[in-house]
Amino acid sequence: MKNTHQPTVCIHAGSEKVAEHQSVVTPIYPASSFKYREMGNNVYPRYFNTPNQQVIIEKLCQLEGSEAGILTSSGMAAISTTLFALLNEGDHVIFSKEIYGGTFSLVTNEFQKRGIKYNFVEGHEVADFEELIQDNTKLIYFETPSNPLLTILDTKGIVALAKKHQLLTVVDNTFASPINQNPILQGVDVVIHSGTKYLGGHSDLCFGAILSSEKLMQPILKTAKLYGGSLNAMDCYLIERSLKTLSVRVLQQNANATKIANYLNNSSAIKNVYHPSLAEHPRHAIAAEQMNGFGGMLSFELATDDMRAIGDFLETLKIVQVALSLGGIETLICSPAETSHIAMPPEERQKAGITDGLLRLSVGIEHADDLITDLENALKKVRIGALLA
Ligand SMILES: *Cc1c(COP(=O)(O)O)cnc(C)c1O
């Protein structure tokens, strides 16, 4: 399977075939007990090495260009396991400012009691990261593109900085998916996914993944076995099914999002559109360089701060559903100020560009024109609402 293209890897890599029954799909092995004298190693679900777990890890390793990895029961299990495996008391970590809310809470709630120090980087330049490096800095952790403003960080630049100072790098690659971006191929040490999003892709699974070198996976696997965030064979089977269509789904989501971003960018009812495909995106050139596709996530601001009008807009949408989470085949919209960033003080939110009128769209695989018509109908309604208010 090596040297084939991503759509082929999605379908075939790692997938076991049972010659005896001529099955073209992997059988489900629900066993939590395996004969150890025959197997030579101890196979057990919490050791992350059952057949159904292995199939998916093989696919993800080939998709991301990593040597090894494990599958976890959620994205947060992947994040907490990785950080607590690699960090010791007294270590210091640099985090990009715009990271997933759960990761932010993990850092701000759990690090102090373990004696781990940290900083969040205010700016987006490599130099802003460099400024925060201390003698005890061990690791740089970042997300690109970020949530919800699709900020792009220069992966190669940060990797070069980290290597110069002998620091580890960890990237949460959830927003891009392995189809659009492969940070390990750009020198990053560990890639994390919330598989709940694009990898699962149907808004019906919760899992995560950690991908890295054989060497770095050793301490991570050791911690993972003790924290116990493993997955069962049934979920693994569904994940394998999902991964077979990962490439087709994401390519369609990329195309739809780019078309919608262009439409919104030309609409007088919209103030700002955030999508790396747009030439006016401040980091469009870096995105074009380091990504294979610009992704299915975009954000935009209605040209009003009237919360009633924004509420009307959301309620008028018929195809686009007002719901949390992202990465599924159905298009979802949410207000970060009302959901993911509700705990942030309003002034801080404003300063970060997460205004009350900002809306985040997770673009699905419906026909792009139907999605645009749906948005347009709702925009017309808002304009009337704004005039009457
Ligand atoms: C959702 C998400 C997570 C957390 O994943 P869970 O599967 O919900 O635990 C982490 N990072 C990013 C970027 C996410 O979107």
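## Close-up views of a predicted model

**Figure 1. Confidence along the chain of the predicted model.** In this predicted structure, the chain has an average pLDDT of 94, and 98% of the residues score at least 70. Residues 384-389 have a pLDDT below 50. Beyond near neighbours in sequence, this stretch makes 2 contacts in the model.

**Figure 2. The largest nonpolar core and the elements that build it.** This core comprises 42 residues. Leu60, Leu71, Phe129, Ile140, Ile239 and Leu246 have the most contacts inside it. At least two residues of the core come from each of the helices α1 (6-12), α3 (51-64), α7 (155-164), α10 (233-244) and α11 (246-265), and likewise from each of β4 (137-143) and β7 (208-212). Helix α3 contributes the most, with 5 residues. A second core of 29 residues is separate from this one; Ala85, Phe111, Phe120 and Ile220 are among its members.

**Figure 3. The surroundings of Ile140.** Ile140 is one of the residues with the most contacts inside the largest nonpolar core. With residues up to four places away in sequence set aside, Ile140 touches Ile94, Phe129, Ile158, Leu161, Ala162, Leu167, Leu168, Thr169 and Val170. Of these partners, Phe129 is also listed among the residues with the most contacts inside the core.

**Figure 4. The ligand and its shell of residues.** The ligand is surrounded by 13 residues, of which Met76, Asp172, Ser194, Thr196 and Lys197 come nearest. Helix α4 (residues 75-86) provides the largest share of this shell, namely 3 residues. Two backbone groups approach oxygen of the ligand: a polar backbone atom of Gly75 lies 2.9 Å from a ligand oxygen atom, and a backbone N or O atom of Met76 lies 2.8 Å from a ligand oxygen atom. On the side-chain part, an N or O atom of Asp172 is 2.6 Å from a nitrogen atom of the ligand. On its own the ligand has 380 Å² of accessible area, and the protein covers 91% of this area.

**Figure 5. Tyr100 and its contacts.** Tyr100 is located in the loop between β2 (92-96) and α5 (101-110). Its relative accessible area is 35%, so Tyr100 is classed as partly exposed. Apart from residues up to four places away in sequence, Tyr100 touches Met76, Glu143 and Lys197. Met76 and Lys197 are also among the residues that come nearest to the ligand. Tyr100 and Cys10 are 90 residues apart in sequence, and their C-alpha atoms are 26 Å apart in space.

**Figure 6. Backbone geometry in the loop between β4 and α7.** Most residues other than glycine have a negative phi, and most peptide bonds are trans. The peptide bond between Thr144 and Pro145 is cis, with omega about -5 degrees. Pro145 belongs to the loop between β4 and α7. A cis peptide bond also joins Asn147 and Pro148, with omega about 0 degrees, and Pro148 lies in the loop between β4 and α7. Leu150, found in the loop between β4 and α7, has a positive phi near 55 degrees although it is not a glycine. Leu150 counts as buried because its relative accessible area is 2%.

**Figure 7. Thr155 in helix α7.** Thr155 is placed in helix α7. With a relative accessibility of 1%, Thr155 is buried. When neighbours within four places in sequence are left aside, Thr155 is in contact with Phe142, Thr144, Gln186, Val188 and Gln290. One of these partners, Thr144, takes part in the cis peptide bond with Pro145.

**Figure 8. Ser325, a residue with positive phi.** Ser325 lies in the loop between β10 (321-322) and β11 (332-334). Its phi is positive, at about 70 degrees, although Ser325 is not a glycine. The relative accessibility of Ser325 is 33%, so this residue counts as partly exposed.

**Figure 9. Gln134 and its polar contact with His92.** Gln134 is found in the loop between α6 (126-130) and β4. Gln134 counts as partly exposed because its relative accessibility is 38%. Neighbours within four places in sequence aside, Gln134 is in contact with His92 and Asn119. The side chains of Gln134 and His92 are joined by a polar contact of 3.4 Å. Gln134 and Arg114 are 20 residues apart along the chain, and 19 Å separates their C-alpha atoms.

Key: Residues are numbered from 1 along each chain as its sequence is written. This is a predicted model: local features need pLDDT of at least 70, side-chain atom pairs count only at pLDDT 80 or more; totals for chains, interfaces and linings use all residues. Side-chain values use heavy atoms; hydrogens and water are left out. pLDDT is the predictor's confidence in each residue, from 0 to 100. Contact means heavy atoms within 4.5 Å. A nonpolar core is a set of buried Ala, Val, Leu, Ile, Met, Phe, Trp, Tyr and Cys residues joined through side-chain atoms within 4.5 Å. Buried means under 20% relative accessible area, exposed over 50%, partly exposed in between (1.4 Å probe, protein chains only). Helices (H or I, at least four residues) and strands (E, at least two) are DSSP runs, numbered from the N terminus. A residue is near a molecule or strand if one of its heavy atoms lies within 4 Å of it. A polar contact is a pair of N or O atoms within 3.5 Å; within protein, one must be able to donate a hydrogen and the other to accept it, and residues adjacent in sequence count only if both atoms are side-chain atoms. Accessible areas come from the Shrake-Rupley method with a 1.4 Å probe; for residues, only the protein chains shown count as cover.
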